[in-house]
Amino acid sequence: MSFLLLFIVSSQLLTGCEDQKDTGTNDSQTPDKLEKAVYQHEGLTKYNPPIELHLVKETGQGLRDLIDNLPGETLEDNRWSKLYKQDLGIEIIYDWKAEGDIYYRKLGSVLASGNLPDVVKVNAQQLRQLNNAGLIQDLSEVYDKYATPFSKEIINQEGPAPLESATIDEKLMGIPNIQSSLDSVEFLWIRMDWLDNLDLGKPQNIEDVLTISKAFTAEDPDQNGQHDTLGLSITQHLWDPVMGLTGFMAGFEAYPKIWIENNDGQLVYGGIQPDVKDALEVLQEMYREGQLDSEFYLKDGDRVKELIADGKIGMLYGEQWSSFVIGSSRNGDPTVQWQAFPIVSNGGELAKVPLKVDMNQFFVVREGFEHPEAVIKMINLHLEKNWGKTAEYNKYYSNPFPVWQLSPITPYPALKNLEAYRQLERARLSGDYSRLEAEANSIHNYITSYLTQGDDSGWGWERSYGPDGAFAILDSYVENNQLLRDSFIGPPTTTMIEKKTILDNYMHDTFVNIILGNPIDDFDDFVNKWYNMGGAKLTEEVNQWYTENN
């Protein structure tokens with residue numbers, strides 16, 4: 001089934017479920033009876049006596065900021081840890097916590113030592129390595145028995161690929177941490193007050209984007225009389241979901257992080273195609289002219305966010321939640337205004353927007369842990385309390401702070417955000433907001449609070465879910481068939497497990513060095529070495545999978 005058809009069918013199913021909640025037999029049940037019926041499933045029963053579940057946790061500034069806004073709550077003691085203990089009899093214990101690169105280095109050492117916590121989130125490569133070492137459990141029977149029907153529906157919302165990617169030798173060795181591929185598509189975000197100050201038009205093609213970037217750098221867009229602004233924001237990682245280069249590259253028909261089909265029907269890796277070289281040459285010129293931060297290669301997302309908050313950035317590419325990042329630039333200055341725009345191409349046609357199906361995070365259970373079903377129960381409860389029949393969305397998902405981040409397990413329905421936008425748009429057109437589901441209704445309240453009371457906590461919601469926000473653009477991407485799906489959605493091949501990290505790092509370092517000024521023809525050397533370092537074998541394996549599955 002094609003992705004677009006699967007998306008339409010899944011969206012209809014989701015809408016149908018919502019309609020049933022509005023008008024079906026559930027309305028005749030009291031809340032107590034409804035909750036009792038839901039919690040009869042074996043996947044939501046409580047341990048008695050309670051059990052301990054050991055995990056590890058990646059932290060960061062965003063999580064600290066969240067906890068600062070939640071008096072009386074900590075990472076160890078909060079609404080989610082209490083809910084898991086109260087409803088499931090599971091006491092969450094973090095063996096250790098760390099930030100960013102330190103977390104991943106420590107996690108790598110822990111996995112290599114074999115001293116795993118009870119449950120740990122790993123990537124696809126680590127999943128295979130742990131399986132090969134016999135360090136994790138087969139969860140096939142556990143999933144079949146303990147996953148609720150609602151959880152299974154959500155996990156399969158974008159098709160069978162997530163579970164297939166966690167299956168090794170016909171055994172389910174991990175539970176995919178369900179994300180939304182649709183939510184990962186990118187938009188171009190521009191400061192409209194700067195655009196207006198310089199009397200510039202909205203971008204129609206990539207040349208317009210380059211014109212805006214140059215003007216934002218050289219023409220004092222904030223009108224403070226100083227040369228202190230940048231045209232385009234990027235981070236050291238290049239492919240971050242906010243302030244990355246994925247959307248910029250797409251404007252040159254370059255798709256570095258996905259596999260695409262060539263004219264011969266074969267899959268080729270986007271990162272080694274000639275269009276990438278064209279984009280890198282432009283980025284090199286932008287860096288030379290001061291349109292990019294001279295130290296971008298040293299700065300992660302948190303440090304670049306500081307530039308946004310200080311009003312030094314006027315344009316970036318990013319996912320739909322970028323609005324909540326750029327909103328910091330409005331602190332103390334409500335005249336700052338941003339708007340999302342579609343990714344634009346280098347010609348007159350609509351741009352193809354890369355869509356990578358995210359199947360790279362899995363929860364695994366260490367071999368020997370006597371309660372492997374505990375992680376399934378936590379997934380069930382997380383989904384139920386946010387989007388199920390007994391949901392308390394405003395308490396456990398957004399209040400309006402993203403309190404869902406306090407949970408160590410954070411799956412969500414892949415289509416929920418776009419469907420919430422569609423509900424809101426139908427309500428805006430009809431004037432009837434009475435049928436909004438919990439999530440859409442909460443978003444409506446945040447937007448209304450911003451528009452009618454000036455509550456700036458609703459600004460980001462309006463910029464993403466408003467009539468001209470990011471999701472309106474996403475809806476047009478779908479309608480206009482602009483989404484370019486990653487053509488490889490299979491489990492990691494042997495060479496991917498062995499060489500992908502090396503190849504990715506090599507590509508990253510080459511691209512950064514070219515942007516900084518290395519000869520553009522270094523790209524051609526990179527392509528040749530990429531093939532010799534394992535890329536040729538990798539391409540062969542990917543095409544073998546493609547032939548067998550298409």
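How many residue pairs in polar contact, both at pLDDT 80 or more, does the rule find across the interface of domain 1 and domain 2? The rule finds zero. The model shown in these views is predicted.

**View 1. Domain 1 and domain 2 and the interface between them.** The domain assignment splits domain 1 into two stretches, 39-179 and 358-406. Domain 2 is put together from 184-356, 485-491 and 511-527. The centres of the two domains, taken over C-alpha atoms, are 33 Å apart. Six residues of domain 1 are in contact with four residues of domain 2. The size of an interface is often given as the accessible area lost when the parts come together. Between domain 1 and domain 2, about 430 Å² is buried. Carbon and sulfur atoms give 56% of that area. The rule finds zero salt bridges across this interface. The count of residue pairs in polar contact, both at pLDDT 80 or more, is zero as well.

**View 2. An open sheet of three strands in the order 10-7-11.** The pairing here is antiparallel. Strand 10 (315-318) and strand 11 (338-341) stand at the edges. Each has a single partner strand, so one side of each is left without a neighbour in the sheet. On average, neighbouring strands of this sheet are turned by 25 degrees against each other, direction ignored. Strand 7 covers residues 187-191. Four bridges join strand 7 to strand 11 in the antiparallel sense. Find Leu-188, and opposite this residue stands Phe-341 in strand 11.

**View 3. Helix 11 across strand 7 and strand 10.** Helix 11 takes in residues 206-218. This helix lies across both strands. Helix 11 runs at about 135 degrees to strand 10.

**View 4. An open sheet of three strands in the order 3-13-6.** The pairing is antiparallel. Which strands stand at the edges? They are strand 3 (119-122) and strand 6 (175-176), and each pairs on one side only. Strand 13 holds residues 362-365. Strand 3 and strand 13 pair over four bridges, in the antiparallel sense. Lys-121 stands opposite Phe-363 in strand 13.

**View 5. Two backbone details, at Pro-49 and at Glu-253.** Most residues other than glycine have a negative phi, and most peptide bonds are trans. Is the peptide bond from Asn-48 to Pro-49 cis or trans? This bond is cis, with omega near 10 degrees. Pro-49 sits in the loop between helix 2 (31-38) and strand 1 (51-59). Now turn to Glu-253, where phi is near 60 degrees. That is a positive value in a residue other than glycine. Glu-253 also has its place in a loop, the one between helix 12 (246-250) and strand 8 (259-261).

Key
Residues are numbered from 1 along each chain as its sequence is written. This is a predicted model: local features need pLDDT of at least 70, side-chain atom pairs count only at pLDDT 80 or more; totals for chains, interfaces and linings use all residues. Side-chain values use heavy atoms; hydrogens and water are left out. Two strands pair if DSSP finds at least two bridges between them. Helices (H or I, at least four residues) and strands (E, at least two) are DSSP runs, numbered from the N terminus. Axes are lines fitted to C-alpha atoms, for helices over the stretch in contact, and angles run from 0 to 180 degrees between N-to-C directions. Contact means heavy atoms within 4.5 Å. Domain bounds come from an automatic or database domain assignment. Buried area is the accessible area (1.4 Å probe) that two parts lose on being put together, summed over both. A salt bridge is a side-chain nitrogen of Lys or Arg within 4 Å of a carboxyl oxygen of Asp or Glu. A polar contact is a pair of N or O atoms within 3.5 Å; within protein, one must be able to donate a hydrogen and the other to accept it, and residues adjacent in sequence count only if both atoms are side-chain atoms.
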